[in-house]
Amino acid sequence: DTDRALVLLEEYCKKLRKPEEQQLKIAIRKVMGIFKSSLFQALLGSFRKKATRHGTSSHTSLPAALACDVLGCPKD
């Protein structure tokens with residue numbers, strides 16, 4: 001769940017206070033920006049549709065849907 005991941009990343013970022021942790025904090029904030037982007041949300045929606053079409057709709061099937069998209073899966 002993207003929203004849950006964003007909450008966890010935000011909580012983790014709040015703990016990064018040391019100067020040597022600032023680069024990590026910047027990188028995490030970039031990832032958070034990607035998760036919030038309309039492009040990412042559209043791709044996620046596309047993968048969910050593919051997972052549903054392949055008979056599963058759980059979040060764990062998203063990698064399988066991506067693999068089918070990239071490698072090709074036999075049509076039902």
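**An all-helical chain and its helix 1–helix 2 packing**

The chain holds four helices and zero strands. Read from the N terminus, its elements follow the order α-α-α-α. The model is a predicted one, and the values below are computed from it.

Some totals help to set the scene. Of the 76 residues in the chain, 18% are buried. The exposed surface of the chain comes to about 5,900 Å², and carbon and sulfur atoms supply 61% of that area. Among contacts in the chain with a separation of 6 or more, 23% are between residues 24 or more positions apart.

The largest nonpolar core is a good place to look next. This core has five residues: Leu6, Cys13, Leu16, Ile28 and Met32. Two elements, helix 1 (2–15) and helix 2 (22–36), each give two or more residues to this core. One of the core members, Cys13, is in contact with Lys25, Ile28, Arg29 and Met32 once its neighbours within four places in sequence are left aside. Two of these partners, Ile28 and Met32, are themselves listed in the core.

The two helices can now be considered as a pair. Two packed helices are described by the angle between their axes and the distance between the axes. For helix 1 and helix 2, the axes come within 10 Å and cross at roughly 160°. Angles over 145 degrees count as roughly antiparallel, and helix 1 and helix 2 are therefore roughly antiparallel to each other. The crossing in which helix 1 passes helix 2 is left-handed. On the helix 1 side, the residues that take part are Thr2, Ala5, Leu6, Leu9, Glu10, Tyr12 and Cys13. These meet Leu24, Lys25, Ile28, Arg29, Val31, Met32, Phe35 and Lys36 on the helix 2 side.

Two polar residues of helix 1 round out the picture, beginning with Thr2. Thr2 lies in helix 1, and it counts as buried because its relative accessibility is 11%, with the cut-off for buried set at under 20%. Not counting residues up to four places away in sequence, Thr2 touches Phe35, Phe40, Gln41 and Leu44. Of these partners, Phe35 is included among the helix 2 residues that meet helix 1.

Glu10 is also found in helix 1. With a relative accessibility of 26%, Glu10 counts as partly exposed. Leaving aside neighbours within four places in sequence, Glu10 is in contact with Arg29 and Met32, and both of these partners also appear in the contact list of Cys13. Glu10 and Ile28 are separated by 18 residues in sequence, while their C-alpha atoms are 8.5 Å apart in space.

Terms used:
Residues numbered from 1 in each chain as written. Predicted model: local features only at pLDDT ≥ 70, side-chain atom pairs only at ≥ 80, totals over all residues. Heavy atoms only, no water. Buried < 20%, exposed > 50% of the residue type's maximum accessible area, 1.4 Å probe, protein only. Contact = heavy atoms within 4.5 Å. Areas by Shrake-Rupley, 256 points an atom, 1.4 Å probe, with all protein chains shown as cover. Core = buried A, V, L, I, M, F, W, Y, C linked by side-chain atoms within 4.5 Å. Axes fitted to C-alpha atoms, helices over the stretch in contact; angles between N-to-C directions. Parallel < 35°, antiparallel > 145°, perpendicular 65-115°, else oblique. Left-handed = near helix turned anticlockwise from the far one by under 90°.
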